Amino acid sequence: MSMPALFKGRLSIPVIASPLFIISVPDLVIAQCKAGVVGSFPALNARPAALLDEWLARINEELAAYDRAHPERPSAPFAVNQIVHKSNNRLDHDMQLCEKYKVPMIISSLGAREELNQAVHRWGGIVFHDVINQKFAHKAIEKGADGLILVAAGAGGHAGTLSPFPFVTETRQWFDGPIALSGAIGSGKAIRAARILGADFAYIGSAFIATKEANAVERYKEMITSSAAEDIVYSNLFTGVHGNYLKPSIIAAGMDPDNLPTSDPSKMNFGTDASGERAKPKAWKEIWGSGQGIGSVDKVVPAAELIARLKKEYDEATDPPL
């Protein structure tokens, strides 16, 4: 396994907090980094686009001040998620700001782009690309990504379908660089299992929705704490891409989670249809994403408290006697 120099001596546990659409904001990212895990946010969460400049300035300034006050345990680095798909008309603008602030880590999604990787390398950063299968994993490395995020079955949001066991094992057969594993990880024992399996990092998102700093409504946070793996529904209805969502939020929107139709991405409509009737509810705002690992989350706490719990469980995790 390979741990980039960027992370050495700066992590309390081997965790990257995944960038959560709408939910990940500077308050959460700063708290995550101070507690020793990589905090991240999607660039598109900063709206309007000019707000991204303020967010990056604040994160850099607050983490630098923390590091000066705590030289014995500096903060973890932070990451910005960039959607590389051609539909993202902000990519060039947002990348220029990432270069301005020398963002240490970029998480790229929905397309591997060689020129993006080269730009990040020029300012001294690294790039992890998220993938759901070996085809996309090979393409990401061929185009210059430094690491891979393996999005396995059970992950929140737009998830893959592969079990983490063959996904990590098969990737390790050809790739010896850094790997983060995503999918139903909500406890310190699961982090330890990811490491034993061959990943360098656990990639955790859903557990951080139920934190004080997360930009989520209280009902969403409470739904995370009261739900379990069986309450997660895998569907492509809401965005055209298969993802995992909370069953109670689907029910609250007046839909039957056990009988959802398959979506035609070319006919997506998030407002009203031609007859004026309500179209399907909006993903993320009305239909809430979540992974299957939330059974370990039973209350809303500050991010630092969640990370302390994960660290305690991780440190205590050992193989049971045969």
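# A tour of the predicted model

Start by selecting the contact between two helices: P26, D27, V29, I30, C33 and K34 in α1 meet W55, R58, I59, E62, L63 and Y66 in α2. By class, the residues of this contact divide into eight nonpolar, no polar and four charged. Now draw the two helix axes. They come within 10 Å and cross at roughly 25°. Angles under 35 degrees count as roughly parallel, and α1 and α2 are therefore roughly parallel to each other. The crossing is right-handed. This is a predicted model, so what follows describes the prediction.

**The whole chain**

Zoom out and colour by secondary structure. The chain has 10 helices and 10 strands. Its radius of gyration is 19 Å, close to the 20 Å that the globule rule gives for 322 residues, so the chain is as compact as a globular protein of that length. Along the principal axes, the C-alpha atoms fill a box of roughly 60 × 55 × 40 Å. Colouring by accessibility shows buried residues making up 51% of the 322 residues. A contact map gives another view: among contacts with a separation of 6 or more, 64% are between residues 24 or more positions apart.

**The loop before α1**

Go back to α1 and select I22, in the loop between β1 (residues 15-17) and α1 (residues 26-34). Phi of I22 is near 70°, a positive value in a residue other than glycine. Is I22 buried or exposed? With a relative accessible area of 27%, I22 is partly exposed.

**The loop before α2, and α2 with α3**

Next, select P48, which sits in the loop between β2 (residues 39-42) and α2. Show the backbone here: the peptide bond from R47 to P48 is cis, with omega near 0°.

Follow the chain into α2 (residues 51-69) and add α3 (residues 91-100); the two axes come within 10 Å and cross at roughly 25°. That makes α2 roughly parallel to α3. The crossing of this pair is right-handed. Which residues of α2 meet α3? Select L52, D53 and L56 in α2, which meet D94, L97, C98 and K100 in α3. This contact has four nonpolar, no polar and three charged residues.

**Around α4**

Move on to L110, in the loop between β4 (residues 105-109) and α4 (residues 114-122). L110 has a positive phi of about 60° although it is not a glycine. With a relative accessible area of 54%, L110 is exposed.

Step into helix α4 and select N117. At 3% relative accessibility, N117 counts as buried. What does N117 touch, leaving aside residues up to four places away in sequence? Display V127, A140, K143, G144 and A145 to see the contacts of N117.

**α7 against α10**

Select helix α7 (residues 188-197) together with helix α10 (residues 303-316). Their axes come within 7 Å and cross at roughly 55°. α7 and α10 are therefore oblique to each other. The crossing of α7 and α10 is right-handed.

For the side chains, pick G188, K189, I191, R192 and R195 in α7, which meet L310, E313, Y314 and D315 in α10. How many residues of this contact are nonpolar, polar and charged? The contact of α7 with α10 has three nonpolar, one polar and five charged residues.

**α8 and its cover**

Select helix α8 (residues 218-226) and colour its buried residues, which are Y220, K221, M223, I224 and T225. Then bring in the surroundings: what covers these buried residues of α8 includes β10 (residues 243-246) and α9 (residues 247-252).

**A last distance, from α9**

While α9 is on screen, select I251 in that helix. At 48% relative accessibility, I251 counts as partly exposed. To finish, draw a line from the C-alpha of I251 to the C-alpha of P74. How far apart are I251 and P74, in sequence and in space? I251 and P74 are 177 residues apart in sequence, and 44 Å apart in space.

Notes: Residues are numbered from 1 along each chain as its sequence is written. This is a predicted model: local features need pLDDT of at least 70, side-chain atom pairs count only at pLDDT 80 or more; totals for chains, interfaces and linings use all residues. Side-chain values use heavy atoms; hydrogens and water are left out. Axes are lines fitted to C-alpha atoms, for helices over the stretch in contact, and angles run from 0 to 180 degrees between N-to-C directions. Helices (H or I, at least four residues) and strands (E, at least two) are DSSP runs, numbered from the N terminus. Angles under 35 degrees count as roughly parallel, over 145 as roughly antiparallel, 65 to 115 as roughly perpendicular and the rest as oblique. A crossing is left-handed if the near helix is turned anticlockwise from the far one by less than a right angle, and right-handed if clockwise. Contact means heavy atoms within 4.5 Å. Ala, Val, Leu, Ile, Met, Phe, Trp, Tyr, Cys and Pro count as nonpolar, Asp, Glu, Lys and Arg as charged, and the others, Gly among them, as polar. The radius of gyration is taken over C-alpha atoms; the globule rule is 2.2 Å times the number of residues to the power 0.38. Buried means under 20% relative accessible area, exposed over 50%, partly exposed in between (1.4 Å probe, protein chains only).
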